[in-house]
Amino acid sequence: MSIQHQVEISHNLLGAIGGVPRPEADVVVDARDVNKWFGRLHVLKDVCLQVKRGETVVVIGPSGSGKTTFIRTVNHLEKIQGGRIFVNGHLIGYREANGGKKLVEDKENNIARQRQEIGMVFQRFNLFPHMTALENIMEAPVHVRSQPKAEAEATAQALLERVGLAAKANVYPNQLSGGQQQRIAIARALAMKPALMLFDEPTSALDPEMIGEVLEVMKELAREGMTMIVVSHEMGFAREVANRVVMMDEGQVVEEGTPAQIFGAPTQERTKSFLSKIL
Amino acid sequence: MNRLRERGIRPALLVGFLFIVALVATGCSSRSHGTFKFDGGAFLAYLDPRTSPLQSALYLTVAISIVAQLLGVVLGIFAALGKMARFAPFRIVANLYIWIFRGTPLLIQLMFFFYGFGAAGIFDWPDDMLGLPAKGAIYAATIILGINEGAYMAEIVRAGIMSVDPGQTEAAKSLGMTYRLTMSRIVLPQAARVIIPPLGNEFNNMLKTTSLISVLGVIETYNYYVTQQGLKFNPFEAYAAGALWFLLMTTVWSFVQGRIERRFAKGTTPTADVRGPGFASRLMALRAPIEQ
C-alpha cells in the first residue's frame with residue numbers, strides 16, 4: 001500500500017506518552033450482563049465482555065446490532081439500566097446502593113475522572129474546530145490534568161510527529177483531510193495517557209484512500225500493547241490485529257473468538273450470514 | 001479619496017453620510033416653512049462635542065449601554081443554561097425570568113423597580129452602590145436595562161449552544177471534562193460565533209434604548225436634547241443633532257462588531273484568515289466586498 005509509505009510512523013507511538021499506560025488490573029474491561037433500553041427498545045441484552053491488558057478486541061456486526069451503543073456504555077456516554085461495567089476494577093458511571101441491588105448514577109466529577117483513563121475516537125472525529133491541531137491535543141492535559149503548558153506541548157508535538165503530522169501543528173481541523181483529522185483525534189485521546197482506547201467506527205466516515213493511514217496508526221498502537229476495543233467494518237484490520245473478534249447482533253453477543261475462528265469457522269448461523277454479506 | 005478606497009471604505013457612502021449633515025444644516029435653512037426658520041448656528045452648536053454637558057450625556061449613554069449589555073450577556077448565559085438544565089427548579093426559574101421580562105414593557109419595568117420599589121420601601125436605590133458615587137437612578141437604569149436584556153440574550157445564547165454539534169460535547173466528556181469545562185472551553189466559544197451577530201444587533205438596540213431611562217431623570221444623550229430644546233424652544237435643531245449623535249454611535253459600533261466577528265471566525269472556513277468584511281460592515285455596505 002503506497003499510503004503506508006507516505007505516513008511515517010517510524011518511532012514508537014506510545015513512546016510519546018512515556019510508554020504503555022499501566023492499567024491497575026490485568027482485566028481492563030469487565031462488562032457483566034449489560035442491559036440497555038431506548039424507551040421500549042431493548043438495545044443491549046445481557047452483554048458480557050472481558051478485555052485483558054494489551055488485548056485488541058474488534059466488535060463486528062450489522063448496523064443496529066448495538067455495537068456502537070455498547071462501546072459508548074464503557075465510558076458512560078450511554079447510561080445502562082442493568083448490569084455492571086468495570087474498567088480497571090472501578091465501576092463505571094454508577095455506584096451501588098441498597099447493598100449492591102441498585103445502581104445510582106455517580107457524581108459528575110467522578111464520571112469525568114473515570115473518563116480520563118478511557119480514550120475514545122469517534123466516527124466523525126469531533127476535533128474542536130476553534131483550536132489548532134496542537135491545541136486540540138493539549139486541551140485536556142492542560143485543563144483536565146492541570147499539566148504545565150510546556151510539558152503538554154512537548155507531548156503533543158511528539159504525538160503529532162508519531163502520527164506523521166508534525167507539520168500540521170498550527171493548522172485548524174477544517175484545513176485537514178478526514179484521515180489527518182482522525183489521526184489527530186487519536187493523538188488527542190492518547191495525550192491523556194489512557195489505559196484503554198475505544199474506537200467507534202473510526203474509518204467509516206473516511207474516503208477509501210484515507211482509511212489506510214488511520215488503520216496504520218491503530219495497528220501500531222495495538223502492536224505496542226495498548227488495550228483497545230474497536231467497533232469496525234474493517235475485516236482486514238480485524239484479521240491482522242485483533243486478539244479476539246466479537247460478533248454482535250440484535251443487542252446480543254452472538255459469538256466470540258480468535259479472528260481465525262470467527263472468519264474461518266464461525267459456529268453461529270447469524271455470524272455466517274453476516275460475514276457472507278460483507279466479505 | 002483613493003487612500004480611503006485603499007482601506008476599503010467606499011467614498012460614495014462616506015459622502016452620503018456627510019450629505020445628510022449638510023442637508024439638515026444648509027438645505028433646510030434656505031427654505032422656510034411658515035414662520036419656521038432653521039437655525040443653522042444653533043444646530044451646529046448642538047453638535048459641538050466640546051460642550052461639557054453633552055460630553056457627560058454621551059458618556060452616560062455609552063457607559064450605561066456597555067455595562068447593561070455585559071450584564072445582559074452574563075444573565076443570558078445563565079438563563080440559557082438554566083433553561084436547558086436537567087434540574088427542574090433551574091428550568092422553572094429561568095423560564096419565569098424570561099417570561100416576565102420579555103412579556104412586560106421596559107418602560108414599566110424601569111418605573112416599577114425605581115419608583116415602585118422606592119415608594120413601597122422594598123428597595124431604595126442608593127447613590128453610592130459598590131462604593132462608586134453616582135445617582136441611584138443611574139444604577140437602577142443600568143441594572144434594569146441589563147436584566148431586561150438578559151431575557152432576550154437567553155434565547156440568543158440558547159440558539160447558539162444548540163447550534164454546536166453534540167459530538168463536541170461527547171468528545172469533551174470522553175476526555176474527562178466536567179460540564180463546566182465543556183461549556184467554557186468547548187461549547188460556548190463555538191456558540192459565540194452564532195451568538196455574536198445578533199448580540200451586535202442587541203447592542204445597537206441598547207445604545208438607542210437607553211433614551212428610555214430619561215424617565216428616571218438620567219441626563220443621557222436624548223434627555224440632554226430634551227432639556228436643551230425646552231430652554232431654547234428649537235426642537236427641530238435639537239432632535240436632529242441628537243439623532244446624528246446616535247447615528248454616529250451605532251455606525252462606529254457596526255465597525256467594531258465587524259472586527260469582533262472576524263476574530264471569532266477562526267477555524268470556521270478554510271478562508272477565514274482572509275481579512276474580509278464582517279457581518280455588520282457588509283450589512284452597512286460601507287466597505288467594498290473583498291475580491292478573491
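**Close-up views of a predicted model**

**View 1. Ala156(A) sits in helix α5 of chain A, which covers residues 149–162.** The model shown here and in the views that follow is predicted. Ala156(A) has a relative accessibility of 0%, so this alanine counts as buried. Which residues does Ala156(A) touch, leaving aside those up to four places away in sequence? They are Leu134(A), Ile137(A) and Met138(A). To get your bearings along the chain, look also for Leu127(A): Ala156(A) and Leu127(A) are 29 residues apart in sequence, and their C-alpha atoms lie 14 Å apart in space.

**View 2. Ser146(A) is part of the loop that links α4 (133–143) and α5 in chain A.** Take a moment over the backbone here, where phi of Ser146(A) is positive, about 55°, although the residue is not a glycine. Is Ser146(A) buried or exposed? With a relative accessibility of 60%, Ser146(A) counts as exposed, because the cut-off for that class is over 50%.

**View 3. Helix α6 of chain A runs from residue 178 to residue 190.** How far apart are the end C-alpha atoms of this helix? They are 18 Å apart, and this agrees with the 18 Å that 13 residues should span at 1.5 Å a residue. As for its surroundings, 13 of the 13 residues of α6(A) are buried, so the helix is largely enclosed by the rest of the structure.

**View 4. Lys193(A) lies in the loop between α6 and β9 (196–200) of chain A.** Here is another backbone detail to look for: phi of Lys193(A) is near 50°, a positive value in a residue other than glycine. Lys193(A) has a relative accessible area of 33%, so this lysine is classed as partly exposed.

**View 5. Val74(A) belongs to helix α2 of chain A, residues 67–74.** At 0% relative accessibility, Val74(A) counts as buried. Not counting residues up to four places away in sequence, Val74(A) touches Val29(A), Ile85(A), Val87(A), Ile92(A), Ile118(A), Leu196(A) and Leu198(A). Another residue to find is Ala222(A), which is 148 residues from Val74(A) along the chain; the C-alpha atoms of the two are separated by 19 Å.

**View 6. Chain B has 12 helices and 2 strands.** Following the sequence, you meet them in the order α-α-β-β-α-α-α-α-α-α-α-α-α-α. Chain B has 292 residues, and 41% of them count as buried. Among contacts in chain B with a separation of 6 or more, 67% join residues 24 or more positions apart. The chain exposes about 16,000 Å², and carbon and sulfur atoms supply 67% of that area.

**View 7. The largest pocket has a volume of about 1,400 Å³.** Which of its 40 lining residues are closest to the centre? They are Met84(B), Arg86(B), Lys173(B), Tyr179(B) and Met183(B). Two or more lining residues come from each of these elements: α3 (108–115) of chain A, and α4 (52–83), α5 (88–103), α8 (166–174) and α9 (179–209) of chain B. Which element gives the most to the lining? That is α9(B), with 7 residues. Sorted by class, the lining has 22 nonpolar, 6 polar and 12 charged residues.

Key. Residues numbered from 1 in each chain as written. Chains lettered and ligands numbered in written order. Predicted model: local features only at pLDDT ≥ 70, side-chain atom pairs only at ≥ 80, totals over all residues. Heavy atoms only, no water. Helix = DSSP H or I, 4+ residues; strand = E, 2+ residues; numbered from the N terminus. Buried < 20%, exposed > 50% of the residue type's maximum accessible area, 1.4 Å probe, protein only. Contact = heavy atoms within 4.5 Å. Areas by Shrake-Rupley, 256 points an atom, 1.4 Å probe, with all protein chains shown as cover. Expected span 1.5 Å × (residues − 1). 1 Å grid on protein atoms, 1.4 Å probe; cavity = no way out; pocket = protein on both sides within 12 Å on 5 of 7 lines; lining within 4 Å. Points joined across faces, edges and corners; volume = space filled by probe spheres on them. Nonpolar A, V, L, I, M, F, W, Y, C, P; charged D, E, K, R; others polar.
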